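Student: I am new to this structure and should like to be guided through it. May we proceed by question and answer?

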Amino acid sequence: MNELLVIADQRLMTERAAWLENLASERRLSEHTLDAYERDTRQFLTFLTGHLAGPVTLGDIRELRSADFRAFLAARRKQGTGARSLGRNLAGLRSLLRHLEKKGLVNAAGAGAVRSPKQPKSLPKPLSDTQAITVVSDDAQLHDEPWIAARDAAVMTLLYGCGLRISEALDLTPADLQKGATALRVTGKGNKTRLVPLLSVVFDAVERYRALCPYHLESGEPLFRGARGGKLQAAIIQRTMQKMRSAFGLPETATPHALRHSFATHLLAGGGDLRTIQELLGHASLSTTQVYTGVDASRLLEVYDRAHPRA
């Protein structure tokens with residue numbers, strides 16, 4: 001975007017800044033979500049600047065109809081934006097408008113009348129039991145530096161053994177994994193915390209990394225370090241998994257996040273109940289967790305088709 005372009009008057013931009021601050025301080029949304037909402041609303045105001053032929057005012061926002069919001073979504077779709085991103089675009093706009101409505105500045109009915117884009121029903125793509133165990137094993141690590149190989153194995157083991165998001169694993173500190181601990185306290189999306197059982201194999205993998213790591217790991221500092229001693233970045237682990245896909249013939253869907261999917265799917269296949277898995281994953285809604293029932297069913301059908309004599 002051209003930074004010199006004036007997309008809205010000062011009062012509207014001030015209210016938008018106050019809304020974002022409220023989301024961060026009171027709603028405690030993640031930095032990733034805040035960045036997305038900031039970008040979404042900036043794109044909307046930029047669109048309106050062209051749509052209305054001038055910088056947007058609160059008066060303009062008050063006059064918006066459902067057709068204006070649909071025109072924005074249509075323009076985004078024409079640019080190649082997918083249904084999930086469009087849904088988030090609309091959610092961000094509705095949140096901003098509710099903020100303005102509470103102050104008596106606009107009416108949010110126009111955005112509320114717009115139906116959210118239909119989301120594609122895509123199932124998570126977990127690894128098989130054998131593939132997941134291969135990825136987390138010490139022998140499978142590809143880095144020549146022993147401490148880095150141990151680090152990568154420890155991170156992968158946390159993703160599969162505890163069902164962590166990669167950001168959650170990389171935010172851990174040495175204090176989070178005390179000797180003798182049987183549970184791991186994880187801070188997830190929206191700063192919500194949950195307890196996850198800490199398997200001995202997970203703790204042992206972290207301890208092997210700790211023993212080899214050349215950097216002093218203070219209790220409140222990042223546990224996992226990059227080659228130069230700074231906090232390990234997710235992109236490093238993602239590239240490591242990319243190399244493992246090539247080395248071990250894993251599918252393109254084999255990503256660090258696929259290990260979290262594998263954790264949930266394998267628990268469900270082993271008899272775990274949805275409510276427990278929901279709590280372990282930190283899902284706010286059970287409907288988010290229910291997608292794994294579709295994964296498990298598809299695997300059962302695959303086995304049936306391959307093995308049943310009447311299939």
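**A guided reading**

Tutor: With a relative accessibility of 12%, R165 counts as buried. Please bear in mind that the model is predicted.

Student: Where does R165 lie, and between which helices?

Tutor: R165 does not belong to either of the helices in question, but sits in a loop. The helices that flank this loop are α8 (146-162) and α9 (166-170).

Student: Which residues of the UniProt feature "active site" does R165 contact?

Tutor: The unreviewed UniProt entry places the feature "active site" at R165, K189, H257, R260, H283 and Y292. Setting aside neighbours within four places in sequence, R165 is in contact with L159, G188, K189, R194, H257, R260, L281, G282 and H283. The names found in both lists are K189, H257, R260 and H283.

Student: What is the length of the polar contact that joins the side chains of R165 and E168?

Tutor: A polar contact is a pair of N or O atoms within 3.5 Å. The side chains of R165 and E168 are joined by such a contact, at 2.4 Å.

Student: Is I61 buried or exposed?

Tutor: I61 is found in helix α3, residues 58-63. Buried means under 20% relative accessible area. The relative accessibility of I61 is 5%, so I61 counts as buried.

Student: Which residues does I61 touch, not counting residues up to four places away in sequence?

Tutor: Contact means heavy atoms within 4.5 Å. By that criterion, I61 touches L12, L45, L48, V56, L97, L100 and V106.

Student: How many nonpolar residues has the contact of α7 with α8?

Tutor: Helix α7 (residues 129-136) packs against α8 at an angle of about 145°, and the axes are 8 Å apart. From α7, the residues A132, V135 and V136 meet A153, M156, T157 and Y160 of α8. By class, this contact of α7 with α8 has no charged residues, 1 polar and, as the number requested, 6 nonpolar.

Student: Which residues form the covered face of strand β2?

Tutor: In a regular strand the side chains alternate between the two faces of the sheet. In β2 (residues 193-197), the uncovered face has T193, L195 and P197. The covered face has R194 and V196.

Student: Which residue takes a positive phi in the hairpin of β1 and β2?

Tutor: Strand β1 (residues 183-187) runs antiparallel to β2, and 5 bridges join them. Within this pairing, R185 stands opposite L195 in β2. The hairpin has 5 residues between the strands, and the residue with a positive phi, near 65°, is G190.

Technical notes:
Residues are numbered from 1 along each chain as its sequence is written. This is a predicted model: local features need pLDDT of at least 70, side-chain atom pairs count only at pLDDT 80 or more; totals for chains, interfaces and linings use all residues. Side-chain values use heavy atoms; hydrogens and water are left out. Helices (H or I, at least four residues) and strands (E, at least two) are DSSP runs, numbered from the N terminus. Buried means under 20% relative accessible area, exposed over 50%, partly exposed in between (1.4 Å probe, protein chains only). Axes are lines fitted to C-alpha atoms, for helices over the stretch in contact, and angles run from 0 to 180 degrees between N-to-C directions. Ala, Val, Leu, Ile, Met, Phe, Trp, Tyr, Cys and Pro count as nonpolar, Asp, Glu, Lys and Arg as charged, and the others, Gly among them, as polar. Two strands pair if DSSP finds at least two bridges between them. UniProt positions are given in the numbering used here, feature names are shortened, and annotations may be inferred rather than shown by experiment. A polar contact is a pair of N or O atoms within 3.5 Å; within protein, one must be able to donate a hydrogen and the other to accept it, and residues adjacent in sequence count only if both atoms are side-chain atoms.
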